[in-house]
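Biologist: I'd like to learn how to read a model like this one, feature by feature. Can you walk me through it?

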Amino acid sequence: MCQVGGRVNRLHAALLALIGPHAAHSPNADDMNTLYWVMLVIGLVLLVAINLALVAMVMRFRSARGRQPRRLVVRRAAQLGTAGLFALIVAVTFVLAVIETHDAKKVEASGPDGLQATSSLLAQRSLDLPATPASSAPLQIQACGQQWIWRYQYPDGTYSYYELVVPVDTAIILHLCSTDVVHRWWVPGLSGKFDATPGESNSTWFKADQTGDYDGASYAYSGASYAVMRTRVHVVDVPTYQAWLEQAGGPASRRPSPSSSR
């Protein structure tokens, strides 16, 4: 029974990976995944219902040898009812999309296991957040795209290329910029796709719920080598993050990430 159950679970996971988005490891990513599944279900229901209706109509009004096919006449009440049903579906879908998108934009406070502003000046308090303790303020980092690599700068002046190191259970605000062309930052499971445009400001946020590595890339064509413009978010516990920031080298120096020595 255990083997059968394990196979079923693996099959279920494989099916979800085939048709579904990446597993969410941040509250905003979870909101977007919820919206994806709602839209998918609505789309499948409409697809099945429309095709069943077409098959039923063909079977009922098909022609037969020796007689003319029946003429289909739809009454105005049926037309209005069908139109009203589709209008209701569109309205519900629109409202759900607005609600989930709005929720995904709300920056949550850092959790109890995250970096606390009272213990480190690296968690800034200048963001307009819901009523939460100042110690739960987000950590603000600048992510600047250039052909063809991402550069991350932390509040104390430390910067790194390619790999962004952040503490777990901490609200991270990414301020996106570009030095040349439009780049698009996206790390599946942590955030949606956001553009880094020269001369314009844009931002996104996430709060990773577990440690580990999350790979992403720039999903906007930015030149001949855009395909190799990748990035990684390395999520560690708070002590590891603080130790990494305190390694040899002064502010505004590039330091190796905790995973680079492995």
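Biologist: Let's begin with the overall layout: in what order do the elements of the protein run from the N terminus on?

Modeller: One thing before that: this is a predicted model. To read a layout, go along the chain and write down each helix and strand as you meet it. Here that gives α-α-α-β-β-β-β-β-β-β-β-β-β-α. In total, the secondary structure comes to four helices and ten strands.

Biologist: Those strands must be arranged somehow. What is the strand order in the open sheet that holds β1?

Modeller: With a sheet, you list the strands by who sits beside whom, not by chain order. This open sheet has five strands in the order β3-β2-β1-β5-β8, and its pairing is mixed. β3 (159-161) and β8 (202-206) are at the edges; each has a single partner strand, so one side of each lacks a neighbour in the sheet. From one strand to the next, the twist averages 25 degrees.

Biologist: How many bridges link β5 and β8, and in which sense do they pair?

Modeller: Five bridges, in the antiparallel sense. To get your bearings, pick one pair and look across: the bridge partner of H175 in β8 is S203.

Biologist: And what is the order in the open sheet that includes β4?

Modeller: That one reads β4-β10-β9-β6-β7, again five strands with mixed pairing. The edge strands are β4 and β7, each with a single partner strand, so one side of each is left without a neighbour in the sheet. The twist here averages 25 degrees from one strand to the next.

Biologist: Which way do β4 and β10 run, parallel or antiparallel?

Modeller: Parallel, joined by five bridges. You can find the spot where E163 stands opposite R232 in β10. Moving across the sheet, β9 and β10 pair over six bridges in the antiparallel sense, and G216 stands opposite T231 in β10.

Biologist: What are the bridge partners around W185?

Modeller: Follow a residue sideways, in both directions. W185 stands opposite F194 in β7, while its bridge partner in β9 is S218. As for the strands, β6 (residues 183-186) and β7 (residues 194-196) pair over three bridges, antiparallel. Two bridges join β6 to β9 (residues 212-218), and these strands also run antiparallel. The second partner to look for in β9 is A217, which goes with W186.

Biologist: Now the inside. Which residues have the most contacts in the largest nonpolar core?

Modeller: For a core, look for buried nonpolar side chains that touch one another. The largest one has 29 residues, and those with the most contacts inside it are I141, L164, W185, F206, V233 and Y241. β1 (139-146), β2 (149-153), β4 (163-167), β5 (172-178), β10 (230-236) and α4 (238-245) each supply at least two of its residues. With four residues, α4 gives the most to this core. Over the whole protein, buried residues make up 36% of the 262 residues.

Biologist: Is T240, in α4, buried or partly exposed?

Modeller: Partly exposed: its relative accessible area is 29%, and buried would mean under 20%. For a sense of the fold, the C-alpha atoms of T240 and V165 are 75 residues apart along the chain but separated by 9.9 Å.

Biologist: Which residues form the nonpolar patch on the surface?

Modeller: I50, L54, M57 and F86, with about 340 Å² of accessible area together. Helix α2 (residues 27-61) gives the most to the patch, three residues. F86 is in helix α3 (residues 76-105) and counts as partly exposed, at 36% relative accessibility.

Biologist: Last topic, the backbone. Which peptide bond is cis, going into W148?

Modeller: Start from the general rule: most peptide bonds are trans, and most residues other than glycine have a negative phi. The bond from Q147 to W148 is cis, with omega near -5 degrees. W148 is in the loop between β1 and β2.

Biologist: What is the phi of Y162, and what is that of D169?

Modeller: Y162 has a positive phi of about 70 degrees, although it is not a glycine. Y162 lies in the loop between β3 and β4 and is partly exposed, with a relative accessible area of 30%. For D169, phi is near 60 degrees, also positive in a residue other than glycine. D169 lies in the loop between β4 and β5 and counts as buried, at 17% relative accessibility.

Terms used. Residues are numbered from 1 along each chain as its sequence is written. This is a predicted model: local features need pLDDT of at least 70, side-chain atom pairs count only at pLDDT 80 or more; totals for chains, interfaces and linings use all residues. Side-chain values use heavy atoms; hydrogens and water are left out. A nonpolar core is a set of buried Ala, Val, Leu, Ile, Met, Phe, Trp, Tyr and Cys residues joined through side-chain atoms within 4.5 Å. Buried means under 20% relative accessible area, exposed over 50%, partly exposed in between (1.4 Å probe, protein chains only). Patches are made of residues with over 30% relative accessible area and no salt bridge: like charges are joined within 9 Å, nonpolar side chains (Val, Leu, Ile, Met, Phe, Trp, Tyr) within 5 Å. Accessible areas come from the Shrake-Rupley method with a 1.4 Å probe; for residues, only the protein chains shown count as cover. A salt bridge is a side-chain nitrogen of Lys or Arg within 4 Å of a carboxyl oxygen of Asp or Glu. Two strands pair if DSSP finds at least two bridges between them. Axes are lines fitted to C-alpha atoms, for helices over the stretch in contact, and angles run from 0 to 180 degrees between N-to-C directions.
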